Amino acid sequence: MEFHMPVKLYFGSGEINGLGDIVTQELKAASPVIVTDRGIVEAGLLDRIKASIPTARVYDSIEANPKSDTINAIASELREDRPDLIIGLGGGSPLDAGKALALLVTNAGDIQAYEGRAKYVNDPLPFLAIPTTCGTGSEVTWVSVVTDTTRKFKMSIKGPKMYPAVSIVDPDLISTLPRSIIASTGLDALTHAVEAYLSKPATLITDTQAVKAVQLIMGSLEAAWTDIKNNRQAREELMMGSTIAGFAFGNSDVTAVHCISESIGALYDVPHGVANSIFLPEVLAYNLPSCVEKMADLAKRTGIGHAESSEEAMALAFIEEIRSLSGRLGIPSFKALNIPLDQMETIARMSVANNSNPSNPRDLTESDYRIILENALD
Ligand SMILES: [Fe+2]
């Protein structure tokens, strides 16, 4: 069994105030680059970060489901600029883009050449992650997910050298997050935790973390969604749950929910968390025969269902609670995404080809994915 967690993590309200010292004294960086998106600029978060590191140059053009074309173009400029630190600021997209850029600054060619595990030749640049949503987990994992624009496919680029050197997880940074983003990223974090627990590579260590993450996220998500600005405890527990879920899935895996959501995200640019929220209950229901005991255990540990019920009833109650939580938080239905019906075959084919499909607790073929997609449409 292996367990990796080499990231130096600063967690807590106000930790972002140490950013200047972390960059200059701890990481000894003289020419850092910030990778972010327009939403962060418009929310005023970039100005706050820039105040601590005024010399940093900024690339703010990262889109949702970050694209290989964007990353390859920025990498060409960065190779001229010669930065000594990449800082990812934002949700999963800027964080994953930042990891990919840290790799490309020191390695030749396009990001497509590094799909898979440890394909880099030289060590990537040091990477500092500052998450501003409650869902990615990317701040503590070694993976960067990038959409190959030519193949319309989400590639995983990963390896032990791709962990952030430092992550600053400050729950105050999510205190102005819009409700729709709290819902989609919070449910993405819940998906990470639940999938980590049920995945084939799960271990005692990842199980311990996954269960705690499920408890923290389910115990805080709705309260954070209701009033994140004034509910400090909810945002701290949600952010802690999201980060711990990252430890868990980063050392086990995600399963069929991510296989489907990454396929849909690559084809239709559906936000990652929205796609996960739609498919989490559908995949759990389909996986039920393979992991009824573990699902019942999650129900027990989150106080769902009646303790005297059968394991199957407990597991079903857990699935129903997740479905109802998504509804209460305003997640749209699969139908509402208006994906053409003739695309289901393509989505099923891409899902089965996803790296994480073998980690699903129930062995799934293309026709299994077709059934899950059809069930979600009903
Ligand atoms: Fe995810």
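In what order do the strands of the open sheet of six strands come? Keep that in mind as you go through these close-ups of a predicted model.

**View 1. The whole sheet, strand by strand.** The six strands of this open sheet line up as β1-β9-β6-β4-β2-β3, and their pairing is parallel. At the edges you'll find β1 (8–11) and β3, each with a single partner strand, so one side of each has no neighbour in the sheet. The sheet isn't flat, either: ignoring direction, neighbouring strands are turned by 20 degrees against each other on average.

**View 2. Strand β2 and its two partners.** Look at β2 (32–35) and you'll see β4 pairing with it in the parallel sense over four bridges. In that pair, Val33 stands opposite Ile86 of β4. Strand β3 (residues 57–59) also runs parallel to β2, and three bridges join the two. Here Ile34 is the one to find, standing opposite Val58 in β3.

**View 3. Side chains of β2, pointing two ways.** Now follow the residues along β2: Pro32 and Ile34 point one way, while Val33 and Val35 point the other way. Are these residues buried or exposed? All of them are buried.

**View 4. Where β6 meets β9.** Strand β6 (residues 127–131) and β9 run parallel, and two bridges join them. To get your bearings, find Leu128, which stands opposite Val166 in β9.

**View 5. The two faces of helix α1.** Helix α1 covers residues 19–26, and its buried residues are Leu19, Ile22 and Val23. They sit on the same side of α1 because they cover an arc of only 95 degrees around the axis. Here's the handy rule behind that spacing: an α-helix has 3.6 residues a turn, so residues three or four places apart point the same way. Which exposed residues does the face turned away from the buried side carry? Those are Asp21 and Gln25. Just after α1 comes Lys28, with a positive phi of about 50 degrees.

**View 6. Helix α1 against its neighbours.** This last view puts the helix and the sheet together. α1 lies across β2, β4 and β9, and runs at about 175 degrees to β9. What do the buried residues of α1 pack against? Their partners are the strands β2 (32–35), β4 (85–90) and β9 (166–169), along with another helix, α3 (45–52).

Methods. Residues numbered from 1 in each chain as written. Predicted model: local features only at pLDDT ≥ 70, side-chain atom pairs only at ≥ 80, totals over all residues. Buried ≥ 20, exposed ≤ 12 C-beta atoms within 10 Å, placed from the backbone. Arc of directions from axis to C-beta. Contact = placed C-beta atoms within 7 Å. Pairing = 2+ DSSP bridges. Axes fitted to C-alpha atoms, helices over the stretch in contact; angles between N-to-C directions.
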